[in-house]
Every structure is written in C-alpha cells, then in structure tokens.
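Please open the model in a viewer and keep the sequence panel visible. The tour below proceeds by selection, one region after another.

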Amino acid sequence: MKKPILTALALCALLLTVASLATPATAQEEGTTQPTTHEVTVTGSDAVFTPADLSINKGDTVYFHWSNTSMDHNVAQSSSAEANEYDGQGWRSGDASATVDFNVTFDNVGTFFYICEPHAAAGMKGSIKVFDPDASTSAESTPGFTFLPVIAAAVAAGIVASRAPRRQDDK
Ligand SMILES: [Cu+2]
C-alpha cells in the first residue's frame, strides 16, 4: 500500500540526483571567468579552418596560426556568413601566407564571421560567437531552478491523489 509513495520518493531522489549532477556545469560557467585563448589552425593541404566555428567568452582571444601549409592562407573579418570578402574595417592577418601567427581578442558580444581571402569562395570561412558569461548563465540557470519545484509539486500531487481513494474507503 505504501508502494506508490516509495516510488514517488525514489523518483524525487532520482530527479534531485540528476539536478545536482547538472548543477556543477552551470556553476563552472558562471564562476571565475579567466580569459582563455582558443586556437584555430590550418593543416597541410586543407583549405579549412579547424575548428571553423567557435563559441567563446567575452575577453577571450582566438589565436589563428599555421606554418608551412602547402597553400597560402590568411584570416580576415567578413560581414556575414555569405560574404566572401574582407569587410574592409575589421581585423585581418595580412596577405595570405604559408605561415601565420595572428591573435584577435574579442571584447564585444556577438557573432563574428571570418574568411580566408584566397579560399573564401571555396568555403574556407568560419564564425566566432562571443558570449558574456555573466549575462548568459543567469538566463540559462533560471529554467533549471523553476523546473525542479514544478516536478516536486507534481510528485506531491501524485502522492495526494494516490492516497485520496483509500481515505474514502476507510470511512
Ligand atoms: Cu585559405
């Protein structure tokens, strides 16, 4: 007769365990936000940036570097994912070269696009999404905290509902 309650309690414990396992990930993100450097490289004969698309935090640096590639490449900011040319005012590593060392620090939130000028039309391009870690985590963590009480309320309602018919039988 106590089984529905035990099942509900077990379910509740399981949900709390899942929630506590999920929490460290968000806590880590909203903790100390030390600027980090992300590398983007080009290897051998590939006309591809690796990784082409990055998600970084505000204040982070992207280090574009390659050496002795079989083709000359560069990196230049473009205005959109479709654009195949330098936007004329953003960052640019210089003329295409087999060896490049170029750093860009992103202090503004947004999505930024870049290309390799000689190979943009062939698809050698990428994007960098810059997030504000303090702003994004508070928005992301809120649903998690509201979700748990909703589950707890649903479980509690289930316990009450499962008990209700028994009380009527007793009377
Ligand atoms: Cu290239």
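The stops that follow run from the whole chain to its sheets, its core and several single residues.

**The whole chain**

Begin with the full chain in cartoon representation, bearing in mind that this is a predicted model. Its secondary structure amounts to 2 helices and 7 strands, and along the sequence these elements follow the pattern α-β-β-β-β-β-β-β-α. Of the 171 residues, 15% are buried. Among contacts between residues at least 6 apart in sequence, 67% join residues at least 24 apart.

Next, colour the chain by pLDDT. The mean is 78, and 60% of the residues reach 70 or more. Select residues 138-142, where pLDDT stays under 50 and the model has 2 contacts beyond four places in sequence. Then select residues 167-171: pLDDT is under 50 there as well, with 0 contacts beyond four places in sequence.

**The three-stranded sheet**

Select β1, β3 and β5. These strands form an open sheet in the order β1-β3-β5, with mixed pairing. β1 and β5 (100-105) are the edge strands, each pairing on one side only. From one strand to the next, the twist averages 20°. β1 and β3 run parallel to each other over 5 bridges, and within this sheet Thr 41 stands opposite His 65 of β3.

Now select Thr 37, which lies in strand β1 (residues 37-41). Is Thr 37 buried or exposed? Thr 37 has 11 C-beta neighbours inside 10 Å and therefore counts as exposed. Beyond its neighbours within four places in sequence, Thr 37 is in contact with Asp 60, Thr 61 and Tyr 63. A C-alpha to C-alpha distance drawn from Thr 37 to Gly 59 should read 9.4 Å, for a separation of 22 residues in sequence.

Move to Asp 101 in strand β5. Asp 101 also counts as exposed, because it has 11 C-beta neighbours inside 10 Å. Its C-alpha lies 6.9 Å from that of Trp 66, although the two residues are 35 apart in sequence.

**The four-stranded sheet**

Select β2, β7, β6 and β4. This open sheet has 4 strands in the order β2-β7-β6-β4, and the pairing is mixed. β2 (53-57) and β4 (76-78) stand at the edges; each has a single partner strand, so one side of each is left without a neighbour in the sheet. Direction ignored, neighbouring strands of this sheet are turned by 35° against each other on average. To inspect one edge, display β4 with β6: the two pair in the antiparallel sense over 3 bridges. Gln 77 has Tyr 114 in β6 as its bridge partner.

**The largest nonpolar core**

Show side chains for Phe 64, Val 75, Tyr 114 and Ile 115. Of the 16 residues in the largest nonpolar core, these four touch the most other members. The elements that give two or more residues to this core are β3 (61-66) and β6 (110-115). In soluble globular proteins, nonpolar side chains tend to be buried together.

Centre the view on Ile 115. Apart from neighbours within four places in sequence, Ile 115 is in contact with Ala 76, Ser 78, Asn 84, Ala 120, Met 124 and Lys 125.

**Loops**

Select His 119, located in the loop between β6 and β7 (125-131). What is the burial class of His 119, and why? With 21 C-beta neighbours inside 10 Å, His 119 counts as buried, since the threshold for burial is 20 or more. Not counting residues up to four places away in sequence, His 119 touches Ala 47, His 73 and Met 124. Its C-alpha is 9.9 Å from that of Glu 85, which is 34 residues away in sequence.

Continue to the loop between β1 and β2, which holds Pro 51. Thr 50 and Pro 51 are joined by a cis peptide bond, with omega about -10°.

Finish at Asn 68, in the loop between β3 and β4. Its phi is near 55°, a positive value in a residue other than glycine. Asn 68 has 7 C-beta neighbours inside 10 Å and so counts as exposed. As context for these last two stops, most residues other than glycine have a negative phi, and most peptide bonds are trans.

Conventions:
Residues numbered from 1 in each chain as written. Predicted model: local features only at pLDDT ≥ 70, side-chain atom pairs only at ≥ 80, totals over all residues. Core = buried A, V, L, I, M, F, W, Y, C linked by C-beta atoms within 7 Å. Buried ≥ 20, exposed ≤ 12 C-beta atoms within 10 Å, placed from the backbone. Contact = placed C-beta atoms within 7 Å. Pairing = 2+ DSSP bridges. Axes fitted to C-alpha atoms, helices over the stretch in contact; angles between N-to-C directions. pLDDT = per-residue confidence, 0-100.
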